[in-house]
Amino acid sequence: MCHHGNDPELIKQVVKQQFYIIGAVTLNNLLLRKDMCSWSKGMQIRYNVSQLEEWLREKNLMVCGAKETLEPLIQAAQLLQVKKKTDEDAEAICSMCNALSTAQIVKVLNLYTPVNAFEERVSVVFIRTIQNRLRDRKESPQLLLDTKVIYPVTFPFNPSSLALDTIQIPSSLNLSFLTRV
């Protein structure tokens with residue numbers, strides 16, 4: 001986009017939209033597929049997100065809001081990796097997952113699948129503890145993120161450095177009917 005002369009502000013808006021779609025589709029897949037809800041997938045998602053963040057830094061796009069659109073996905077990946085046993089763990093999860101709804105947190109915990117013998121499934125008691133701690137949250141009951149969200153586009157005004165009276169119109173354009181005012 002830079003090579004084609006697009007305005008940096010427009011580039012930031014496009015990147016923010018793309019990152020929202022990446023985050024929403026990935027989180028929705030996580031919420032719908034049991035095979036995605038494991039400690040190792042959480043690690044893989046966090047690594048991939050860190051690579052995207054690094055790319056944003058390299059391109060000086062960190063200020064465009066793209067990283068914030070990935071916040072629910074980042075928190076879901078962290079949820080897959082934290083301990084899920086004690087009341088202290090429940091408190092940490094509730095404070096950490098402020099970009100996720102209660103329904104999304106509970107869904108991830110229910111789908112969590114241990115990949116080795118050292119891990120255990122998340123207990124029903126622990127999930128109920130999370131639900132009780134989050135019951136007063138005011139939030140949408142919607143489980144999946146809307147992948148059709150479109151952020152508004154604003155086109156910045158960039159005045160030309162050329163004075164209009166200095167422009168020469170080529171005769172090959174056959175615009176002789178135009179007159180200068």
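## A walk through the model

At 25% relative accessibility, Lys 67 counts as partly exposed. That residue makes a good starting point for a tour of this structure, which is a predicted model. The side chain of Lys 67 meets that of Glu 53 in a salt bridge, with 3.5 Å from N to O. Glu 53 belongs to helix α2 and Lys 67 to helix α3, so this pair ties together parts that are 14 residues apart in sequence. Unlike its partner, Glu 53 is buried, because its relative accessible area is 13%, and buried means under 20%.

Between these two helices there is a loop to visit. Asn 60 sits in the loop that joins α2 (39-58) and α3 (66-69). Its phi angle is near 55°, a positive value in a residue other than glycine. Asn 60 has a relative accessibility of 62%, so it counts as exposed. Further along the chain, Asn 174 also has a phi near 55°, again positive in a residue that is not glycine. Asn 174 is located in the segment after α7 (124-134), and its 62% relative accessibility makes it exposed.

Now step back to the wider picture. The UniProt record, an unreviewed entry, annotates residues 1-136 as "domain: Dilute". Over residues 1-136 the chain is 67% helix and 0% strand, and the C-alpha atoms at the two ends of this stretch are 45 Å apart.

One of the helices here is α1, and its length can be checked with a little arithmetic. Its 25 residues, at 1.5 Å a residue, should span 36 Å. The C-alpha atoms at its ends are indeed 36 Å apart, so the two values agree. Just ahead of this helix comes Asp 7, in the segment before α1 (8-32). What does the side chain of Asp 7 reach at the start of α1? One of its oxygens comes to within 2.8 Å of the backbone nitrogen of Glu 9. Asp 7 counts as buried because its relative accessibility is 18%. Leaving aside residues up to four places away in sequence, Asp 7 touches Pro 156 and Asn 158. For a sense of distance along this part of the chain, the C-alpha atoms of Asp 7 and Tyr 20, 13 residues apart, are separated by 20 Å.

Another buried aspartate waits in helix α5 (residues 87-96), namely Asp 89. Which side chain of opposite charge is nearest to Asp 89? That is Lys 83, 4.5 Å away, and Asp 89 has no salt bridge. A salt bridge needs the nitrogen and the carboxyl oxygen to be within 4 Å, so a distance of 4.5 Å does not qualify. Setting aside residues up to four places away in sequence, Asp 89 touches Lys 83, Lys 84 and Phe 126.

How many salt bridges does a search of the whole structure find? The count is 5, and the Glu 53 and Lys 67 pair is one of them. Another joins the side chains of Arg 33 and Asp 35, at 2.9 Å from N to O. Arg 33 is partly exposed, with a relative accessible area of 36%, and Asp 35 is partly exposed too, at 49%. Glu 139 forms a salt bridge with Arg 137, where the closest N and O atoms are 3.6 Å apart. Glu 139 is partly exposed at 33% relative accessible area, and Arg 137 counts as partly exposed at 25%.

Terms used:
Residues are numbered from 1 along each chain as its sequence is written. This is a predicted model: local features need pLDDT of at least 70, side-chain atom pairs count only at pLDDT 80 or more; totals for chains, interfaces and linings use all residues. Side-chain values use heavy atoms; hydrogens and water are left out. UniProt positions are given in the numbering used here, feature names are shortened, and annotations may be inferred rather than shown by experiment. Helices (H or I, at least four residues) and strands (E, at least two) are DSSP runs, numbered from the N terminus. Buried means under 20% relative accessible area, exposed over 50%, partly exposed in between (1.4 Å probe, protein chains only). Contact means heavy atoms within 4.5 Å. The expected span of a helix is 1.5 Å times one less than its number of residues. A polar contact is a pair of N or O atoms within 3.5 Å; within protein, one must be able to donate a hydrogen and the other to accept it, and residues adjacent in sequence count only if both atoms are side-chain atoms. Lys and Arg count as positive and Asp and Glu as negative; His and the chain ends are not counted.
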